[in-house]
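User: Please give me a close look at one helix of this model and what surrounds it, in a single connected answer. I would like the cut-offs behind the terms spelled out as they come up.

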Amino acid sequence: MTAKEYNKGVRLWADDAMRFAMRCCQSRPDCEDAVQEALAALWSHREEVPREKGKSYLLSSAYRSLMMALRHGKVVRMHEEQSTVETLQQPDERFDLREAIERSLQALPEVQRAILQLRDVEGYSYAEIGETLALSDSQVQVYLFRARVNMRKQLKQMGYDNDR
């Protein structure tokens with residue numbers, strides 16, 4: 001990838017990378033850092049990365065950077081609070097559906113959350129998701145199925161049935 005192709009790619013892909021990062025983390029400073037690190041990594045490896053793989057490389061780098069930051073944050077919180085389990089609110093406590101979806105989404109494992117975000121929100125194909133997260137198409141399908149099952153189960157526990 002040439003410098004001109006890199007610049008064009010940044011204009012085309014940076015918003016997608018930021019939107020993806022925000023759906024995974026929802027902490028704007030962490031997301032901005034992750035996307036900046038991904039852009040720097042793409043620039044450093046621009047000669048090895050073909051242009052058609054640039055977007056995938058950028059999203060993968062942002063995801064890895066974000067996950068490292070999130071894991072670090074979890075370790076710090078564990079030591080500060082001496083508590084490793086976060087619990088969902090009790091079903092009798094009331095909150096809106098959007099908040100319930102966000103809570104259940106954040107309770108998913110990182111890979112499932114990322115796949116659900118890429119497929120259902122961003123509209124990526126199984127092949128694109130697999131390429132971005134270094135998974136096979138069948139792994140993507142299995143993780144997506146499990147993520148949806150987990151979300152349904154958690155939403156049901158919070159009092160939101162399919163009837164609503």
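Analyst: The account below begins with the chain as a whole and then turns to one helix, its partner, its pocket and some surrounding residues.

This is a predicted model, in which local features need pLDDT of at least 70 and side-chain atom pairs count only at pLDDT 80 or more, while totals for chains, interfaces and linings use all residues. Residues are numbered from 1 along each chain as its sequence is written, and side-chain values use heavy atoms, with hydrogens and water left out.

The chain has seven helices and zero strands, where helices are DSSP runs of H or I with at least four residues, strands are runs of E with at least two, and numbering starts at the N terminus. Of its 164 residues, 38% count as buried; buried means under 20% relative accessible area, exposed over 50%, and partly exposed in between, with a 1.4 Å probe and protein chains only. Among the contacts with a separation of 6 or more, 69% join residues 24 or more positions apart, a contact being heavy atoms within 4.5 Å.

The helix chosen for the close look is H5, residues 110–121, which packs with helix H6, residues 126–133, at an angle of about 140° and with the two axes 10 Å apart. Here the axes are lines fitted to C-alpha atoms, for helices over the stretch in contact, and the angles run from 0 to 180 degrees between N-to-C directions. The crossing of H5 and H6 is right-handed; a crossing has that hand if the near helix is turned clockwise from the far one by less than a right angle, and is left-handed if the turn is anticlockwise. Ala114, Ile115, Leu118 and Arg119 are the H5 residues in this contact, and they meet Tyr126, Ile129, Thr132 and Leu133 of H6. These residues divide into six nonpolar, one polar and one charged, with Ala, Val, Leu, Ile, Met, Phe, Trp, Tyr, Cys and Pro counted as nonpolar, Asp, Glu, Lys and Arg as charged, and the others, Gly among them, as polar.

Two of the residues in that contact, Ala114 and Leu133, are also partners of tyrosine 63, which touches Phe20, Glu110, Val111, Ala114 and Leu133 when neighbours within four places in sequence are left aside. Tyrosine 63 lies in helix H3, residues 54–81, and is buried at a relative accessible area of 11%.

H5 also takes part in the second largest pocket, since helix H4 (97–107), H5 and helix H7 (137–157) each supply at least two residues of its lining. A pocket, on a 1 Å grid over the protein atoms alone, is an open set of points where a 1.4 Å probe fits, with protein on both sides within 12 Å along at least five of seven lines, and lining residues have an atom within 4 Å of a point. The lining includes Leu116, Gln117, Asp120 and Val121, together with Arg23, Arg148 and Arg152 among others, and its residues divide into six nonpolar, one polar and four charged. About 210 Å³ of space lies in this pocket, the volume being the space filled by probe spheres set on grid points that are joined across faces, edges and corners.

Glutamine 117, found in H5, is buried, with a relative accessible area of 3%. Beyond residues up to four places away in sequence, glutamine 117 touches Arg19, Phe20, Arg23 and Glu122, and Arg23 is itself one of the lining residues of the pocket.

From H7, leucine 144 is buried at 1% relative accessibility, and its contacts beyond four places in sequence are Ile115, Leu116, Arg119, Asp120 and Tyr126. Leucine 144 and tyrosine 126 are 18 residues apart along the chain, and their C-alpha atoms are separated by 9.6 Å. From H4, the buried residues are Ala100, Glu102, Ser104 and Leu105, and they pack against helix H1 (3–25), H5 and H7.
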